[in-house]
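User: I'm new to reading structures, and I'd like a close look at just one part of this one. Could you take me through a sheet in chain B and then show me what surrounds it?

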Amino acid sequence: MEDIIISTLQRTMVAGTPLLLATTGEIICERSGILNLGVEGVMALGAVTAFIVTMTTGSPWLGVLAALAAGMVISVIHAFTSVTLQANQVVSGLALTMLGLGLAGMVGKPYVGKPLAIKMEDITIPVLSDIPYIGKALFSQSPFFFLAIGLALVSWFFLQRTRLGIQIRSTGENPKATETQGVNVFLIRYLSVIIGGGFSALAGAHLSISYSKSWIEGMTAGRGWIAIALTIFALWNPGRAIWAAFLFGGIFVAQYLMQPLGISPNFLAMLPYIATLLILVLISLKDPRKLNAPAMLAAPYKRGER
Amino acid sequence: MEGISKSFHGIHANKEISLSVGSGEILGLLGENGAGKTTLMNILYGLYQPDAGQIKINGNPVRITNPMESILYGIGMVHQHFMLIQNHSVIENIALGYKDTPFFFPKIKIKEKVASFSRQFNFTIDLNKKIWQLSAGEQQRVEIIKALLNGADLLILDEPTSVLTPKEIEELITILRQMKADGHSVIFISHKLDEIMNICDRVVVLQKGSIVGRADTGQTDKKTLARMMVGRDVVFTISREKLAKGRQVLRADQIHVTGDMGLPAVKGVSFDLYENEIFGIAGVAGNGQRELAEAITGIRRVDSGKITINGKDITNLSPRHIYDHGVSHVPEERIRFGIAPGLFLYDNAILKQHHLKKFSRRYFLKYSQVKNHTQGIVDDFKVLTHSIENQIRNLSGGNIQKLILGREISEQPNLLVASHPTYGLDVGATEFLRQHLLKLRKQGSAVLLFSEDLEEIFELCDRIAVIFAGEFMGIFDSDDERLCEIGLMMAGSRRIPRCIQ
Amino acid sequence: MIRLSYTDRYQITRLRALMTNIFSLAAGLFVISIIFLIAGVNPLFAISEIFQGSFGSMYGFKETITKAIPLILIGAGLTLAFRAKFWNIGAEGQLLMGAIFSTWTGLAFGNTLPSFAIIPLMFAAGFLGGALWGIIPAILKIKYAINEVISTLMLNYICAHILTMLIVGPWKGASRFGFPGTDNLPDAATLSVIPGSRIHYITLMLALACAAILALAIYKTRFGYEARVVGENPDAGKYAGINFFKTTLVLMAISGGLAGLAGVGEVAGIHHYLGYPTSVSSGYGFTAIIVAWLAKLNPLYAVISGIFFAGILVGGDAIQISLGLPAATVEIVNGTLLIFLIMGEYFLHNKITVTFSRA
């Protein structure tokens, strides 16, 4: 029994890690007022990049850096269309998803199914990891796990307790007012989109070099979309995102737990998506003052509008 | 500023403007809406770049390419529509605007700085309150603190009194006089002659983008300035013939309405309205006028109370039903509620009438009828556009307002609810609209006019109510002498005052 | 020094819009060529293969029309939804739901009813299924303010799993020998095709008719007017007395229903049985988004746009075989073209002037 609990907890943490990374990135992006629906594509690109670079160079850390770079570079496209061209952000994000998934599929074809020789080793923190039950789950994990939590906390800190954070949040609430304060709204938005993309790519990297240690097309399995839902669920707060991501990690894992009970695996596979909808409904019922979204989310901003 | 010129889309907003301000001086910038005052100041503040001309500070020519630079040069601006983040707290807004905000923990470090400033200028504002919780006057004070904190030597105020109660205006004047004594310079933009004469040392008058006059306020009078502003003598009173009241059109009984933030906005308002009458509700914007107008026209829920039109109960009916009872509405926020920006003029011209038999048959719209109707409105109301196939967002604010008014009036309403209809319009359009309201009154309609412009209220209305914080301070006939204290009533005083000569 | 300034462009003529579209596509193709080059593929060869494969041969052309059918149906429906700014990303799920409903109808009654009775019944059922799946996100948005992008997406996944659940469980056909899938539809319940091709012409005619009807609806009816106003400015819609709830429900029922019809076409016209989600629809729901966008949200243009993207799909299959490129290549083409379309729109709405000045 204890083994089951420990392994469930462990797997929950693992499942939640990419969700947390991507959600944190999307929160930063949306806080500046830009909606990025390309998370799924960027994640896939990050995954394939990390895999290929790790495979060829033998260093998983280089793979991580490469994924980060790839995610940031491709996000520039979305930043350009959304911020400079003020195009429709929904369509632009979808285009980014298609492009990302497509590029990942094409570039990754030769690597499908090949096992990763060098893996990203788990880190085990001494002493803490000996705590019964949660020790193994929380303190003997892939470095990505600690990275995800760290980045979430750092993001929270930056958003709430620094000048840059005030600037980012103000841009999302009221870009016109923010600009009159001398803040370069365009730059802030570009930055937020690019950083957000980088985080999503890191999420992908986790999937390919730490979680499954292989690459196949479609391995992101809709996690990018769930991350977008989680940003709402987390009320655009990276701290809350930690709870949200691991809650959902748990739901993913629950699928496997319930399988021996004879429930159809397809029904279980539906659970995360149904849960997403249910939770959004619950939030909406609880807070009639509507979800605290940054006021000008997804509204294009034209400088010097008369 | 020397020889400043600026054009937008081929329209000259500023034509070779030169002016100067010295320290310890308050300069007034007078002009109608659209004269170019705000554009000029936005250039000074760095939001726009001039097409030609030069700016000199302390004799040295400078180029200001963004607000940050103008802030560094000691220029601060308080815009007409406050540049504040509603959902953030006062301290966060200040931190956003302050040029030396520390990177880490900005809120904590700025609090001390703000405290010392507050003592100096007697500001007492809770720094942790969110902006939407503050009154207009308090929000303006936050804006002023921001500018002063950045070391502004020159403060630009754009139409600062448009949202203030008379008491808050007094407080603002005190602050400005103090700043003047301290050696600051102020540029005061306004279209209100009284204020310019009262507050400013010198005044520059703009009309259609050029300077048409300069004066020392001590050596001129309102009439001269008005003539400079408009180019002709402005008639200060429109003659309004006395008309006998007709049947009762509207009856509102103990109306209670809740506002956007969940707080009560209208608290027990009762009044009635008759044919051949214009009933004015005077008050500073934000005292429940919008919510009351929305309740009567069906956009907002009435929590309790009853509204009847011609005897029929219309409380909480849908906007369309209320419209069918003959109630038209010129909304306060025209762009937000009145038009679909990307659609064409003729689509917008039937926004509320598209369900009527004359424009639609079963499921289809009769577009030829629609276009004729639109052309009629454009001609009658002199809406400036090169075609009715134009997207409505390409029109200027005044012309959009004319189209909306034309649309609402064209169906000969029983009751027209007009919310601040001339706000932001130039003198020509304003006069035009007011004449039309009088025309409606003569034709037998009832007009409910919400306005902050006391001149307008006294010109047009047969009876006047004063609203403050969601309640009526009193309902008076237009010749009631107690109205001399209307300013006090707008600020909340309920006692029936005796006039002070 | 070079200075770029941009101003709004007021007069947008159809010719200009068309030219902009063509330039955007050309620019997109150029970039795609570069991508191919980097991937070690001869771009000229690849692109000519794509067009050869889809329009160059009779076989290819017929395949293109076949694939255009669902794209036109869904694309037309999306132009309506997008005009009301309801971002329906769930056409995949709506298609599958239509397939499910119509398969049930076909299997249940196909043996007892003649063709001319069962076929319309199946289309009706398919429309109903898609409409239902489209109404759900509409209700979620209206009642709970849930962003439709997320709800429609989630419903895609949910429907795909429902379908899989059905075909490996209660609906598994005895004739399948253990492989997932329903039995074959009875002959009466299948759509006939143009001889020598896979074009199920009834659906094709339906698609063209729907595009025309939808165009009529958008531009000439009260409902279309109200949908457009709601998309432009929901506040103005409220003020104008437009029932946001009813309008949104109806337009999503239509958009979903049309996707459902596409699903019927795929099952009854091509496969003749219900299999895995990926076999029923090869991403038509997503590709249709670009179809609608290229058509500038005009259902009539969606016909041309649908044929164009069907050509890309077919061409994509062709180079998969001849060049060994993976299926995902098509996504690259789609994504890149869409990005360039968006960029093109910017040039359409803004006039860019370049000024050279000294110093």
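Analyst: Here is a walk through one sheet, followed by the chain around it and a short stop at a contact elsewhere. Keep in mind as you look that this is a predicted model.

Let's start with the sheet itself. Find chain B and look for four strands, which line up in the order S12-S11-S14-S15. The sheet is open, and its strands pair in the antiparallel sense. Since it is open, you can look for its edges: strand S12 (264–274) sits at one of them and strand S15 (312–313) at the other, and each of these pairs on one side only. What holds neighbours like these together? Strands of a sheet pair through backbone hydrogen bonds, and they can do so in a parallel or an antiparallel way.

Now zoom in on one pair. Strand S11 of chain B covers residues 248–258, and its antiparallel pairing with S12(B) runs over 8 bridges. If you'd like one spot to click on, try B:Val257, whose bridge partner in S12(B) is B:Val266.

Next, step back to see where this sits. Chain B is split into domain 1 (2–230) and domain 2, and domain 2 comes in two stretches, 248–342 and 413–490. The centres of these two domains of chain B are 32 Å apart, going by their C-alpha atoms. Over its whole length, chain B has 17 helices and 22 strands. Of its 501 residues, 47% are buried. Chain B also brings distant parts of its sequence together: take the contacts between residues at least 6 apart in sequence, and 67% of them join residues at least 24 apart.

How far can you trust the picture? The average pLDDT of chain B is 81, with 90% of the residues scoring at least 70. Go carefully at residues 497–501 of chain B, though, where pLDDT stays under 50 and the model has 6 contacts beyond four places in sequence. The model as a whole scores ipTM 0.86 and pTM 0.82.

Finally, let's visit the place where chains A and C meet. Chain C puts 35 residues into this contact and chain A puts in 37. On the chain C side, helix H6 (148–168), helix H12 (284–294) and helix H14 (329–349) are the elements giving two or more residues. H14(C) gives the most, with 12 residues. Sorted by class, that side of chain C has 24 nonpolar, 9 polar and 2 charged residues. As for confidence, chain C has a mean pLDDT of 87, and 95% of its residues reach 70 or more.

Definitions and conventions. Residues are numbered from 1 along each chain as its sequence is written. Chains are lettered from A and ligands numbered from 1 in the order in which they are written. This is a predicted model: local features need pLDDT of at least 70, side-chain atom pairs count only at pLDDT 80 or more; totals for chains, interfaces and linings use all residues. A residue is buried if 20 or more other C-beta atoms lie within 10 Å of its own, exposed if 12 or fewer, and partly exposed in between; C-beta atoms are placed from the backbone. Two residues are in contact if their C-beta atoms, placed from the backbone, lie within 7 Å. Two strands pair if DSSP finds at least two bridges between them. Ala, Val, Leu, Ile, Met, Phe, Trp, Tyr, Cys and Pro count as nonpolar, Asp, Glu, Lys and Arg as charged, and the others, Gly among them, as polar. Domain bounds come from an automatic or database domain assignment. pLDDT is the predictor's confidence in each residue, from 0 to 100.
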